[in-house]
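Student: Please take a close look at the strand pairing in this model, one part at a time. I would like the partners, the facing residues and the backbone angles in one connected account.

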Amino acid sequence: MRERTHRVRRLAGILAASVFVTNLAFAHAGADVRFQAPVLWQIGHGAPARFRECWELAFGDLDRDGRVDIVAPLLDSVAVYLGDGDGTFDVPLRFPLPGRTDHPTVADFDGDGALDIAWGGSHQVGVLFGDGTGRNWTRTTLETSDDWSAVLAGDFDGDGRKDLASTSIDASGTHWIRSYLSRPGRTFERHSEAQPAAWPKPPSFRVCDVNEDHLTDFVIGGSDAATVWVSDGDGTFTRTASIPALTWGLDVGDIDGDGHADVVIADHGSNFTIAMGRGDGTFGAPQFQPAGSVTTSTVAIGDLN
Ligand SMILES: [Ca+2]
Ligand SMILES: [Ca+2]
Ligand SMILES: [Ca+2]
Ligand SMILES: [Ca+2]
């Protein structure tokens with residue numbers, strides 16, 4: 001059993017972001033759902049959040065003990081919080097990166113059964129290959145040419161092994177979708193396509209198989225629409241839908257139970273924008289769901305009752 005120094009139960013001085021640990025208490029009588037008090041950690045870059053700045057955590061069992069662990073972005077590193085299984089986490093382990101990242105993602109890219117961490121950021125896309133302990137990582141850099149990149153993980157070519165894709169902006173302002181299809185020996189087959197569609201930095205995005213062909217697709221937010229990109233299977237993507245909405249946050253899931261993925265968008269207004277999927281990569285006309293008195297900036301789909 002690994003040595004535990006001391007547990008992180010609460011880190012004071014939250015600067016900009018917090019997360020509700022998945023230590024949830026459900027009362028199953030009727031629709032009465034209660035949560036335990038949240039545990040707070042500091043993440044981000046050690047500075048107050050800028051306008052529309054967004055950091056995201058990645059989740060997975062990095063040390064293969066059956067307990068969920070967390071990867072958090074920091075200014076010049078990622079922090080790995082190994083879960084204790086009761087809603088608490090060990091002291092975070094920091095692993096340096098060559099620059100800033102906002103959205104680390106977790107998947108097994110080399111197919112060895114141990115989760116790896118991918119990141120994109122300023123002049124960098126790379127992978128930290130894990131050994132299944134959560135404590136030892138081998139860093140590989142895949143891309144350095146773009147001013148900024150964000151990464152998505154999924155099986156884009158359908159061979160059963162997780163691949164990497166990035167959305168990026170280069171020094172000339174050109175937007176790119178690049179893909180890195182996983183190949184043996186921790187190598188990647190690269191594809192790059194310039195795209196006319198613009199998205200903010202950093203965008204909101206989610207991966208999902210929206211056209212039900214078992215190839216991972218993605219939905220990405222933009223300043224006037226969220227666009228749906230369906231995988232062609234060869235490392236390229238085709239835009240199949242554009243859902244008009246200023247997109248601060250979005251999520252993809254089957255919200256009406258018809259088996260097809262739907263999109264919900266938080267537009268920083270008083271409504272959520274909802275587009276029902278048809279299962280072929282296209283979506284119906286946007287509908288609007290009042291959000292009450294709050295301003296919508298992020299959204300997550302889940303079965304809460
Ligand atoms: Ca774990
Ligand atoms: Ca791996
Ligand atoms: Ca693959
Ligand atoms: Ca698909």
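Tutor: Strands β9 and β10 (residues 116-121) are joined by three bridges and run antiparallel. The model is predicted, with pLDDT of at least 70 required for local features and 80 or more for side-chain atom pairs, while totals for chains, interfaces and linings use all residues. Residues are numbered from 1 along each chain as its sequence is written, and chains are lettered from A and ligands numbered from 1 in the order in which they are written.

Strands here are DSSP runs of E at least two residues long, numbered from the N terminus; two of them pair if DSSP finds at least two bridges between them. Between β9 and β10, A107 stands opposite D116, the latter in β10. The open sheet that holds this pair has four strands in the order β9-β10-β11-β12, with antiparallel pairing. Its edges are β9 (105-107) and β12 (137-143), each of which pairs on one side only. On average, neighbouring strands of this sheet are turned by 25° against each other, direction ignored; the axes are lines fitted to C-alpha atoms, with angles from 0 to 180 degrees between N-to-C directions.

Antiparallel pairing also surrounds β22 (residues 262-266) in the list of its partners. With β21 (residues 249-253), β22 shares five bridges in the antiparallel sense, and G253 faces D262 of β22. With β23 (residues 271-275), β22 shares four bridges, again antiparallel, and A266 faces F272 of β23.

How are the residues of β22 covered? Five of its five residues are buried, a term that requires 20 or more other C-beta atoms within 10 Å of the residue's own, with C-beta atoms placed from the backbone; exposed means 12 or fewer, and partly exposed is in between. D262, V264 and A266 point one way from the strand, V263 and I265 point the other way, and all are buried.

The hairpin of β22 and β23 has four residues between the strands, and within it H268 takes a positive phi near 65°. Most residues other than glycine have a negative phi. Further examples of a positive phi come from the loop between β17 (205-208) and β18 (217-220), where E212 lies. Phi of E212 is near 60°, and E212 is partly exposed because 15 other C-beta atoms lie within 10 Å. H214 is found in the loop between β17 and β18 as well, with phi near 70°. H214 is exposed because 11 other C-beta atoms lie within 10 Å.
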